[in-house]
Every structure is written in C-alpha cells, then in structure tokens.
Amino acid sequence: MHIFHIDAAGVCADATALNSSTGFLWLDASHDEVAADSAAWCERVAQLSGGHLHELHLKDALNLSHPSYFEDTDDYRMLVFRQLALQTNKPTETPPAATAKLHIPAALHKLVTAPVSFFLIGRCLVSVGPQHSRTIEQARTRLLNYKLKSDGASMYSSRLPESPADLMLRLLNGMVDQYLELRQPLTQQLDRWQHALLDPRRPFNNWLALLDARLELRKLDHLCEEQHDAMQELRDHLIDTHDLTHPHEGTRNDLLLVRINDVIEHINRVLNHARRLEASLESAVQIHFAAMAHRTSEIMRVLTVITAIFMPLTLITGIFGMNFEVMPLLKQVAGFWIIMGSMLAIVLGLLFYFYRQRYLSERSARR
C-alpha cells in the first residue's frame, strides 16, 4: 500500500506525519493487495485513518464488475468509478487476414474498464484500483516530484491538493481525460468502417465485427451514464451538506463543486461523442443498404432494357420458326436479309427511344 501525507509544505511518502494538525493522507492499494489479506488491510486503514470500512463496501471495492455509484455513510463517503483503458497488449479477436482485407483496426475490441473505489474518511483518502492504472501512477509520480521540488514553490506546475476530495476529483478528471483521448482513434475507426461499407469494389460481409463495434459503443454509452449519475449524486451530496456558517468551508465546497462540474462536463462530452459515433455507424449501415438497393435497381434497369430489346426479336424468330409450308419471305432469296434488317431497325429504334426516355444511364439524366 502506498502512503502519502500531503500538506502545504509538500509531500511525504509515509505515515509519520499523520499526527500533524495540517494536511491529509492518501492510502492507495490495488485489488490484488486488498484481496490477499482483507482483514489486515482494513485494520491498517483503520489505524491510519481512524475509520472502519463496512464489510459490504469492502466487497463492492473488490468486485471488478461493480458499476459506478456513490454512497454516503455516517463514517465516510464511498465512490466507485469505472475507468477506461486501451488494452494494447490484448490479441485482436478479428483474424489478421480479415483485418488486413478490410483495413480496419480493432480499436473498438480493446476497450476495457476497471473499477476504482474511493473512500473519503475524515482527513484521509483511500483508493482501491487495478494493479496498473495510468492515472494513479501519474498522480503518485507527480506527488513525488513535488517532494523533490519542495525547495521552490515557483517550480510547481500546479498547486497541491488541499483536501482528500480535491485529490479524488483530480484523479477522476485524469481518468475521464483518458476517455477523451479515445475520441480520435474511435473516429478513425468509424471512418474506416464507413469506407468499408460503402466501397463498391469490395462487398462488405464482416457483419459480426460491425455488431461487436456497435455493442462496444453502446457499452461506452451506458458506462458514461453510470459515471454521470455517480458524479451527480456526489455533487448533490456536497450541495446538501453545504455549511454557510463556516465561510472557509463554504469556499472549499464551492471549489469542489467547480471541479465536479468540470468532471461531469468531460463525461458529457464523452457520452455525446459515443452517441454520435453510434448514430454515425447506424447511418453508415443504412447508407450501405441504400447503396446496395440502388445498385440492384441499376442492374434490374439494365436487364429490363435488354429484355425489352430482345422481346420483339424473339417474337419474330418465333413466328418464322413455325412449321408452315407457305409464309411470307420464306421462299425469297432476300428474305433472310429483309428479316435481319428489320430486326436491326427494331433494335436501333428501341435504343433511340430508351435513350430519349433516359432509361439507359444516369449520366443522361444528370445532363
């Protein structure tokens, strides 16, 4: 478990300064570490923070499929937030040959989520997350850099967190920013899908992968809605517990509300982008079927014109193929050439008529 003591003077990576009247603690642990010995971990947290975690909340923190939600108790506040990550080391589910053929990266098949649980216990923030979380690792590195630069405040790129809630909201903001980073690859993914769907030279037949992509976008949509609801409950809790009798606390709550609104706004941006991608994907499928129907209509139009041209020719050959002894032109030397000339005239006449009626090509219609 990583332990940080944060106050105005800097950051200390141990619990020796807990007895100080200023600052707060950040206790960070992984799911595997907590699951290995839950009782010992809870006892250590209670020793450092002075608060005891409920057994059901501990199970929620270890549940890797738990949705995002917020809950307030008399002893602490708990927030579960599912973060999004791009799993680059996972093998693609689409066969390499099919991927190379369609020129479609498997970005949508690499979206994975993991819950991160936060406990606000007095002057202590307890976080339980996956073993490797880019946001938490970056936050730990940044705090250690603050420790190394404690001799000059002007060297800081930003100020230190003032409270456990402030640190939690900064971590949440970093997690949501990972969602925003996925907008460009997902947009490029959708563009490739659209090109594959509308390419007339290569019939699209990878419908199962397209369905999986739509399901992943729907999953991202639901995930953002859960995050939005959890942050909204946290925001309502801060508003309901707003203390107007202590101006300093009121100002601090106002700053926290600003950060919460910023996180909610980022979540809304990701949610709207996911919905736009899903709508664009459905529009591409509809355009694909419309293009296929148009192409089928063009083929049927050409076949209809050919059939209409050969119908009178078939009628003439059928008449002169009947077994009668006496028929016009049958015994004449020039009869064959007269019939062939008549058939050629009929073909040319029909072609001229269809051309004037704009049945032969769309180019004539556009002109």
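These exercises work through the fold, cores, one helix and the salt bridges of a predicted model.

Residues are numbered from 1 along each chain as its sequence is written. Local features need pLDDT of at least 70, side-chain atom pairs count only at pLDDT 80 or more, totals for chains, interfaces and linings use all residues, and side-chain values use heavy atoms, with hydrogens and water left out.

**Exercise 1. Take stock of the whole chain: secondary structure, burial, contacts and surface.**

Solution.
- Step 1. Count elements as DSSP runs, numbered from the N terminus: helices are H or I with at least four residues, strands are E with at least two. The protein has eleven helices and seven strands.
- Step 2. Sort residues by relative accessible area: buried is under 20%, exposed is over 50%, partly exposed lies in between (1.4 Å probe, protein chains only). Of 367 residues, 39% are buried.
- Step 3. Take contacts as heavy atoms within 4.5 Å. Among those between residues at least 6 apart in sequence, 69% join residues at least 24 apart.
- Step 4. Compute the accessible area by the Shrake-Rupley method with a 1.4 Å probe; for residues, only the protein chains shown count as cover. The protein exposes about 21,100 Å², and carbon and sulfur atoms supply 58% of that.

**Exercise 2. Find the nonpolar cores and name the residues that touch the most other members of the largest one.**

Solution.
- Step 1. Build each core from buried Ala, Val, Leu, Ile, Met, Phe, Trp, Tyr and Cys residues joined through side-chain atoms within 4.5 Å.
- Step 2. The largest core holds 60 residues; Trp26, Leu79, Phe118, Met168, Leu172 and Met231 touch the most other members. Helix α9 (residues 247-320) gives this core its largest share, 13 residues.
- Step 3. Inspect Leu172. Leaving out residues up to four places away in sequence, Leu172 touches Leu79, Phe81, Phe118, Met231 and Val263.
- Step 4. A second, separate core has 20 residues, including Leu25, Ala29, Val45 and Ala61.

**Exercise 3. Compare the span of helix α2 with the expected value, then list its buried residues and their cover.**

Solution.
- Step 1. The expected span is 1.5 Å times one less than the number of residues.
- Step 2. Helix α2 (residues 38-49) has twelve residues and reaches 16 Å from first C-alpha to last, close to the 16 Å expected.
- Step 3. Trp41, Val45, Ala46, Leu48 and Ser49 are buried in α2. Their cover includes β1 (2-7), β3 (24-30), α1 (31-36), α3 (55-62), β6 (111-121) and β7 (124-129).
- Step 4. Gly50 follows α2, with a positive phi near 85°.

**Exercise 4. Trace the salt bridges of Asp166 and Glu278.**

Solution.
- Step 1. Apply the cut-off: a side-chain nitrogen of Lys or Arg within 4 Å of a carboxyl oxygen of Asp or Glu. The structure holds eight such bridges.
- Step 2. Asp166 pairs with Arg170, the closest N and O atoms being 3.5 Å apart. Both lie in helix α6 (residues 164-181), four residues apart, about one turn of the helix.
- Step 3. Asp166 also meets Arg259, at 2.9 Å, N to O. This pair links helix α6 to helix α9 across 93 residues.
- Step 4. Check accessibility. Asp166 is buried at 4%, whereas Arg259 is partly exposed at 26%.
- Step 5. Glu278 bridges to Arg218, with the closest N and O atoms 2.4 Å apart. Glu278 is in helix α9 and Arg218 in helix α8 (residues 207-240), 60 residues apart.
- Step 6. Glu278 is buried at 7%; Arg218 is partly exposed at 30%.
- Step 7. Join bridges that share partners: Asp166, Arg170 and Arg259 form one network.
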